[in-house]
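Colleague: Got a minute to walk me through this one? I'd like the fold before the details.

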Amino acid sequence: MKKLLTLLLLSLSMLLAACGQKPPMEFKNTDLTGLDYAKGFNLTDHTGKARTLADFKGKAVVVFFGYTQCPDVCPTTMAEMAAVMQQLGPQAEQVQVLFVTVDPERDTQALLAEYVPAFDKRFLGLYGTPAQTLEVAKEFKVFFAKVPGKTAGSYTVDHTAGSYVFDKEGKLRLFVRHGLGPGPIVHDLKQLLS
């Protein structure tokens, strides 16, 4: 009887201890927690201000690599992120979306300033020199390559079609594949913001 009572008390104390813990996060997107890349960047935003990932500490950060003349993936991703911000409501103020151009030759500060905030005024476009762009793409394991067009200026750019998500501490947490819709992103951001 004494053993049974001891076992019962032990089980009860373990159950009560578990009540005070947060359940582990279950993400809808690819969990990258603990991976050692995408540590940061040194780029300029569309207002002309130098930016690093550390500037956004305290917010969840979504980083997407694209270019303004992209015919499909980039505008749909940006529109999707605008929908995410709407669905987050007041929590959207704790999220920063960054659009990093992989076409620094054509995507000038002025063009980024027109394009990126058209989706949501809180979004920031980031650019660098071709060398800085290549360095950041390598750090983030992002592929991009020019595809020649009919004229020198009419090229397209093949690029990784997904976004990286960082938590409020600036740690890499997720990779969001293109085309899943806003629902899974909203779900995961709410977990990171809680």
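**Fold and contacts**

Modeller: The protein has 5 helices and 10 strands. Keep in mind that this is a predicted model.

Colleague: How many residues, and what share of them counts as buried?

Modeller: There are 194 residues, and 42% of them count as buried. Take the contacts with a separation of 6 or more: 73% of those come from residues 24 or more positions apart.

Colleague: What is the strand order in the open sheet?

Modeller: The order is β1-β10-β9-β4-β5-β6-β2-β3. That makes 8 strands, with mixed pairing. At the edges sit β1 (30-31) and β3 (50-52), each paired on one side only.

Colleague: Tell me about β4. Is it enclosed or open?

Modeller: Strand β4 covers residues 60-66, and 7 of its 7 residues are buried, so β4 is largely enclosed by the rest of the structure. Ala-60, Val-62, Phe-64 and Gly-66 point one way. Val-61, Val-63 and Phe-65 point the other way. Both sets are buried.

Colleague: Why do they split like that?

Modeller: Side chains in a regular strand alternate between the two faces of the sheet.

Colleague: And how does β4 run against β5, parallel or antiparallel?

Modeller: Parallel, with 7 bridges joining β4 to β5 (residues 95-101). Val-61 stands opposite Gln-96 in β5.

Colleague: What about β9 and β10, parallel or antiparallel?

Modeller: Antiparallel, over 5 bridges. Strand β9 is residues 162-166 and β10 is residues 172-177. Ser-163 has Val-176 in β10 as its bridge partner.

Colleague: Switching to the core. Which residues touch the most other members?

Modeller: Phe-41, Val-95, Phe-140, Tyr-164, Phe-166 and Leu-189. The largest nonpolar core has 55 residues. Helix α2 (residues 73-88) gives the most to this core, with 7 residues.

Colleague: What does Tyr-164 contact, leaving aside its neighbours within four places in sequence?

Modeller: Its contacts include Val-61, Val-62 and Val-63. Phe-140, Lys-141 and Val-142 are also among them, as are Leu-172, Leu-174 and Phe-175.

Colleague: Now charges. Glu-80 caught my eye. Where is it found?

Modeller: Glu-80 is in helix α2. Glu-80 is buried, yet has no salt bridge. The nearest side chain of opposite charge is Arg-177, 11 Å away.

Colleague: Which backbone nitrogen lies 2.9 Å from a polar atom of the Glu-80 side chain?

Modeller: That of Gly-181. Beyond four places in sequence, Glu-80 is in contact with Gly-179, Leu-180, Gly-181, Pro-182 and Ile-185.

Colleague: How many salt bridges in the count?

Modeller: The count comes to 8. One of them joins Asp-36 and Lys-39, at 3.2 Å from N to O. Exposed means over 50% relative accessible area. Asp-36 has 60%, so Asp-36 is exposed. Lys-39, at 55%, counts as exposed too.

Colleague: And Arg-51 with Asp-45, buried or exposed?

Modeller: Both Arg-51 and Asp-45 are buried. Their side chains meet in a salt bridge at 2.8 Å, N to O.

Colleague: What does Glu-93 form a salt bridge with?

Modeller: Arg-122, with the closest N and O atoms 2.7 Å apart. This pair links distant parts of the chain, 29 residues apart. Glu-93 is in the loop between α2 and β5, while Arg-122 is in the loop between α3 (109-115) and β6 (124-127). Arg-122 is partly exposed, at 27% relative accessible area.

Colleague: Which residues are linked in a network there?

Modeller: Glu-93, Asp-120 and Arg-122, through salt bridges.

How values were computed:
Residues numbered from 1 in each chain as written. Predicted model: local features only at pLDDT ≥ 70, side-chain atom pairs only at ≥ 80, totals over all residues. Heavy atoms only, no water. Core = buried A, V, L, I, M, F, W, Y, C linked by side-chain atoms within 4.5 Å. Buried < 20%, exposed > 50% of the residue type's maximum accessible area, 1.4 Å probe, protein only. Helix = DSSP H or I, 4+ residues; strand = E, 2+ residues; numbered from the N terminus. Contact = heavy atoms within 4.5 Å. Pairing = 2+ DSSP bridges. Lys, Arg positive; Asp, Glu negative; His and termini not counted. Salt bridge = Lys/Arg side-chain N within 4 Å of Asp/Glu carboxyl O. Polar contact = N/O pair within 3.5 Å; in protein donor to acceptor, adjacent residues only side chain to side chain.
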